[in-house]
Amino acid sequence: MNLWLAAGMAFLVSSACFVPVLIHAFRQSLGVGLLVLCVPLFGPVYAFDTFAHRSKGLLLAGWLAAFLVGAVLSTLAQLG
């Protein structure tokens, strides 16, 4: 049960770090925002290439690292 809780917290952190990227994309245009939201590989490409924020490095590291940690923890929770 603890692994599920940790995985959920990691996914929550990942989602919180993704929100500024998503807001930036939707402010650029509706089409870009929908692409970032719906196409999994377009989000990181957009974030590294176009996203401009003073805390860009921290947001991207938090988003991608927390997502990876959440995926690993949820996989371990399913196996055990």
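Student: I'm looking at helix 3 (residues 42–49). By how many residues, and by about what part of a helix, are F42 and Y46 separated?

Tutor: F42 and Y46 sit four residues apart in that helix, which means about one helical turn lies between them. Keep in mind that this is a predicted model.

Student: Okay, both are aromatic. How do I read a ring pair?

Tutor: Two values do the job: a pair of aromatic rings is described by the distance of the centres and the angle of the planes. Here, rings count as a pair if their centres lie within 6.5 Å, and planes under 30 degrees apart count as stacked. That rule gives three aromatic pairs. One of them is F42 with Y46: the centres are 6.4 Å apart, the planes differ by 25 degrees, and the pair is stacked.

Student: Are the two partners buried or exposed?

Tutor: They fall into separate classes. Under 20% relative accessible area is buried, over 50% is exposed, and partly exposed is in between. F42 has 28% relative accessibility, so F42 is partly exposed. Y46 has 3%, so Y46 is buried.

Student: What does Y46 touch, leaving out residues up to four places away in sequence?

Tutor: Y46, a residue of helix 3, touches V21, H24, A25, Q28, V32, V36 and F51. Take V21 from that list: V21 and Y46 are 25 residues apart in sequence, while their C-alpha atoms are 8.5 Å apart in space.

Student: Let me zoom out. What is the secondary structure of the chain?

Tutor: Four helices and zero strands. Along the sequence you read α-α-α-α. The C-alpha atoms fill a box of roughly 45 × 25 × 15 Å along the principal axes. Of the 80 residues, 30% count as buried.

Student: And what share of the contacts between residues at least 6 apart in sequence joins residues at least 24 apart?

Tutor: That share is 53%.

Student: Now helix packing. How should I read it?

Tutor: Start from the general idea: two packed helices are described by the angle between their axes and the distance between the axes. For helix 1 (residues 2–28) and helix 2 (residues 30–38), the axes come within 5 Å and cross at roughly 150 degrees. Helix 1 is therefore roughly antiparallel to helix 2. The crossing of helix 1 past helix 2 is right-handed.

Student: Which residues make that contact?

Tutor: Helix 1 contributes F18, L22, A25, F26 and Q28, and helix 2 contributes L30, V32, G33, L34, V36 and L37. Sorted by class, the contact of helix 1 with helix 2 holds nine nonpolar and two polar residues, with no charged ones.

Student: At what angle do the axes of helix 2 and helix 3 cross?

Tutor: At roughly 125 degrees, with the axes coming within 7 Å. Helix 2 and helix 3 are therefore oblique to each other. From helix 2 you get V32, L35 and V36, and they meet F42, G43 and Y46 of helix 3. By class, the contact of helix 2 with helix 3 has five nonpolar residues, one polar residue and no charged residues. Both rings of our stacked pair turn up in that contact.

Student: I also spotted some serines. Is S14 buried or exposed?

Tutor: S14 is in helix 1, and with a relative accessible area of 4% S14 counts as buried. Leaving out residues up to four places away in sequence, S14 touches G62, W63, A66 and F67.

Student: And which class does S15 get?

Tutor: S15 is in helix 1 too, but at 41% relative accessibility S15 is partly exposed. For a feel of spacing, S15 and A25 are ten residues apart in sequence and 15 Å apart in space, C-alpha to C-alpha.

Student: One last serine: where is S74 found, and what does S74 touch?

Tutor: S74 is found in helix 4 (residues 56–79). With a relative accessible area of 17%, S74 falls in the buried class. Again leaving out residues up to four places away in sequence, S74 touches W4, A7 and F11.

Conventions. Residues numbered from 1 in each chain as written. Predicted model: local features only at pLDDT ≥ 70, side-chain atom pairs only at ≥ 80, totals over all residues. Heavy atoms only, no water. Phe/Tyr/Trp six-rings, centres within 6.5 Å; stacked < 30°, edge-to-face > 60°. Helix = DSSP H or I, 4+ residues; strand = E, 2+ residues; numbered from the N terminus. Buried < 20%, exposed > 50% of the residue type's maximum accessible area, 1.4 Å probe, protein only. Axes fitted to C-alpha atoms, helices over the stretch in contact; angles between N-to-C directions. Parallel < 35°, antiparallel > 145°, perpendicular 65-115°, else oblique. Left-handed = near helix turned anticlockwise from the far one by under 90°. Contact = heavy atoms within 4.5 Å. Nonpolar A, V, L, I, M, F, W, Y, C, P; charged D, E, K, R; others polar.
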